[in-house]
Amino acid sequence: MKERKIPMRRCVGCMQSREKNSMIRIAGYEGRLTVDLTGRAKGRGVYLCRDSRECWALADKRKALERNFDMPITEEMKREIFAQLEALEDGNEDGK
């Protein structure tokens, strides 16, 4: 039986390539950003390491979201996205 390729994605924070299932996608569509849990939301997507606050901070510092989505992103939008990411991370810790 043929082995399936494991899809790889690059984190916009640390710039490391990892397996897609260890990353979280942020989708930008029509001026809105959302955390895409399914990986199938409409729009352009960027990936961040799922459980690494350092990567999130680096992405923010480097303005990686603004550059990749080619749109201005307000501080409020960033806070909302990072709050959603933190809620996901906290939910994962509770399930361990």
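In the predicted model, Leu85 is in contact with Ile24, Ile26, Val35, Leu48 and Trp56, when its neighbours within four places in sequence are left aside. Two of these partners, Ile26 and Leu48, are listed together with Leu85, Leu65 and Phe69 as the residues with the most contacts inside the largest nonpolar core, a set of 22 residues. At least two residues of this core are supplied by each of strand S3 (23-29), strand S4 (32-36), strand S5 (44-49), helix H1 (53-61), helix H2 (64-69) and helix H3 (75-95), and the largest share, four residues, comes from S5. Such an arrangement may be set beside a general tendency: in soluble globular proteins, nonpolar side chains tend to be buried together.

The strands that contribute to this core are paired with one another. S3 and S5 run antiparallel and are joined by six bridges, and within this pairing Ile24 has Leu48 of S5 as its bridge partner. S3 also pairs with S4 in the antiparallel sense, over five bridges, with Ile26 standing opposite Val35 in S4. The four residues named in these two pairings, Ile24, Leu48, Ile26 and Val35, are among the contacts of Leu85. S3 and S4 form a hairpin in which two residues lie between the strands, and Glu30 in the turn has a positive phi of about 50°. Because six of the seven residues of S3 are buried, this strand is largely enclosed by the rest of the structure.

Helix H1 has a buried side and a face turned away from it. Cys55, Trp56 and Ala59 of H1 are buried; they cover an arc of only 100° around the axis and therefore lie on the same side of the helix. The spacing of such positions can be read against the geometry of the α-helix, which has 3.6 residues a turn, so that residues three or four places apart point the same way. On the face of H1 turned away from the buried side, the exposed residues Glu54 and Lys61 are found. Trp56, buried in H1, is also one of the residues in contact with Leu85. Just after H1, Lys63 takes a positive phi of about 55°.

Helix H3 includes Glu80, which counts as partly exposed because its relative accessibility is 44%, a value between the limits of 20% for buried and 50% for exposed residues. Although Glu80 and Leu33 are 47 residues apart in sequence, their C-alpha atoms are 9.0 Å apart in space.

Taken as a whole, the protein has three helices and five strands, which follow the pattern β-β-β-β-β-α-α-α along the sequence. The radius of gyration is 14 Å, close to the 12 Å that the globule rule gives for 96 residues, so the protein is as compact as a globular protein of that length. Along the principal axes, the C-alpha atoms fill a box of roughly 50 × 30 × 25 Å. Of the contacts between residues at least 6 apart in sequence, 51% join residues at least 24 apart. Buried residues make up 32% of the 96 residues, while the protein exposes about 6,900 Å², of which carbon and sulfur atoms supply 48%.

Note on methods
Residues numbered from 1 in each chain as written. Predicted model: local features only at pLDDT ≥ 70, side-chain atom pairs only at ≥ 80, totals over all residues. Heavy atoms only, no water. Core = buried A, V, L, I, M, F, W, Y, C linked by side-chain atoms within 4.5 Å. Buried < 20%, exposed > 50% of the residue type's maximum accessible area, 1.4 Å probe, protein only. Contact = heavy atoms within 4.5 Å. Arc of directions from axis to C-beta. Pairing = 2+ DSSP bridges. Rg over C-alpha atoms; globule rule 2.2 N^0.38 Å. Areas by Shrake-Rupley, 256 points an atom, 1.4 Å probe, with all protein chains shown as cover.
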